[in-house]
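Hi there,

Here is the structure I promised to pass on. Please have it open while you read, and my notes follow below.

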Amino acid sequence: MHASRSTRSSPPWLSLSLLFVLFFALPLVGLVWRASTDGDVAEALTATRTVEALRLSLFTATLTTALAVVLGTPLAYLLATRESAASRLLATLLELPLVLPPAVAGIALLTAFGRAGILGDPLEAAGVSLSFTTAAVVMAQLFVAAPYYLRAAYGGFASTDPRYEAVAATLGLSPWRVFRDVALPLARPALVGGLILCWARALGELGATLLFAGSLPGRTQTMPLAIISAFESSDGLAGAVSIAVVLLAFAAVLLVALNWLARARGPYG
Amino acid sequence: MTAPPTTPRGLHVDIEARAGDFLLHTSFEAGDELVVLYGHSGAGKTLTLSTIAGLTRPHRGRIDLAGRTLFDATSGVDLPPRDRRVGYVVQVPALFPHLDVRRNVLIGVERSPEAQARFEALSALLGIEDLAARRPHELSGGQQQRVALARALVRPTDVLLLDEPFSALDESLRADLRSELLRIRREYGVPIVFVTHDLREAHLLADRVAVLDRGRVLQFAPRDEVFRHPASRRVAALTGTHNLFEGHIEGDRVLVAGLPLRFEGASSPGGDVDVAIRAERCNLRRFDPEGDLPENCFVASITAELAFGNTHTLTLEPEGPGPAIEVEVASRPYEVLGIRERRRWVVELPAADLHVMPRMPVEPPAGL
């Protein structure tokens, strides 16, 4: 009796779990601590560069997520409901950016849409230049982050019992209404989960954006790029932590809000 | 294979469909009646319903319903599911979890006072009046299946396709819903195609039975015909006949395990035959050492016995010529005859119940 109780009260994995939690908590604590001693959060919050970077980050990450949802939901639905060798291959292809280093993604985007890329000449002829534009930032984020949404949405649609949609079709619903009124609500929890992941990944995007869009304050310099830029300046770590803490705060608030939204009305609200 | 339907009403199916390696070739019809598609799992029952509902496309054949062609491979007609006027209920109720009962039932219907009235009438018929505002997860399994039935019936429906709709329910609930289904059938007069692998359910509900095996209809006939006069040894086995023997026709008798037996019905082509008799059709008589054995009788001893509550299944081994046989006796005669005390009995195989069929190869070829 005593033995079993003592093992239950202090299982060996408890200390392991505690160590793991500390691994995550310590850097966050460190960030806040350094920002409050070394940095100047108030100044960072009012500095034009930070404000611009923050606004750009929130704008691009949200736009990226919206594009991923609008373009990705129908695609994921098609891939999940039209099972074939081709659709499986395509699904794998679309997940490739998940395992690709973002730097590779940035270079790949340059070879396609850059001035010397595949579409370089046609784009130039049309008078479109993507370099150092906010559009390029969104493209970089979309390339890297949308696969998170696609993967979650694909899983959500694929794991829905196909009999729901079969029955719905016999009930007089058009394919569009089957999608809107049955498939979409049933996959909602997966879609919301994917949306949060996509948004978070877009907010943190650095490598692909740097290579493809550059780091131009006000136009392509998102928060992560601003942090790198501050770190490399004369201010060093002190300048970087202030901006980092601001980003951390915004990310935390938004993550909590999104998770609350996802849970608020239950899985089938 | 069959001529184009001459009657405009009812359902006529004659199709070939493929699902992976599986080849389905079904042909049957349903008028104003309940047709049971009976067979083991994997026989092609669900695939058949799915072609009628328009969810699986056959590669050959034709489906007509109430005078309309739903599918015709020759002319390229293939109505989408929403235009077929079929009600489809599957094994899991498949109620949309994000909608309440009312919205589940009315999802495919234009909002109108008529639709509302139809919903109220169906709710009353199925005893779900008080559940309109509930979500599926708040309902019991039986209630969910009632809602699914209401949903399938709320639109104008020319045939009701039911794919093992009660198999996930408790036996008592199943009994309730079966009698409810028979009531709905009377009320709506709509043809019903009912898929089941439950022999008792098939027997209880069916007007006609299509016995499906490995994608083929082995027999399509009125219920009693299928149960009493199976077309082949395989159909007999599938419909629960355990007493299956190889026989040989000699004159007007069939010789089974050395015992000549009189039988009725069409005289067989002669030669080798299969012989079937249902266990509940065999009689046991007291053994009288003095008297002569009557026709179609032989002496046997009980070697095994299973009690199922209201029936007893006995296995008997013959003393002389005659087959080893399974006999089912109801509890009352079991007690009256005193079967528990005696082991030696005279088994009678009534000529009227002895079913003689053309001999079938023991292992039918897969492509049969």
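One thing before the details: this is a predicted model.

I started with a pair of strands in chain B. Strand β17 (residues 297–307) of chain B and strand β20 (residues 344–348) of chain B run antiparallel and are joined by five bridges. If you would like a spot to look at, Ala300(B) stands opposite Trp345(B) of β20(B).

That pair belongs to an open sheet of five strands in chain B, with the order β16-β20-β17-β18-β19 and antiparallel pairing. At its edges are β16 (283–285) and β19 (325–330) of chain B; each has a single partner strand, so one side of each has no neighbour in the sheet. From one strand to the next, the twist averages 50 degrees.

Over in chain A, have a look at two helices. The axes of α5 (residues 85–99) and α8 (residues 134–158) of chain A come within 7 Å and cross at roughly 135 degrees, which makes α5(A) oblique to α8(A). The crossing is left-handed. On the α5(A) side, the contact includes Ala91(A), Leu94(A) and Glu95(A), while α8(A) contributes residues including Phe143(A), Arg151(A) and Tyr154(A). By class, the residues of this contact are ten nonpolar, no polar and two charged.

Finally, how do the two chains meet? In chain B, 16 residues are in contact with 15 residues of chain A. The chain B side of that contact has eleven nonpolar, two polar and three charged residues.

Happy browsing, and best wishes!

Methods. Residues numbered from 1 in each chain as written. Chains lettered and ligands numbered in written order. Predicted model: local features only at pLDDT ≥ 70, side-chain atom pairs only at ≥ 80, totals over all residues. Pairing = 2+ DSSP bridges. Helix = DSSP H or I, 4+ residues; strand = E, 2+ residues; numbered from the N terminus. Axes fitted to C-alpha atoms, helices over the stretch in contact; angles between N-to-C directions. Contact = placed C-beta atoms within 7 Å. Nonpolar A, V, L, I, M, F, W, Y, C, P; charged D, E, K, R; others polar. Parallel < 35°, antiparallel > 145°, perpendicular 65-115°, else oblique. Left-handed = near helix turned anticlockwise from the far one by under 90°.
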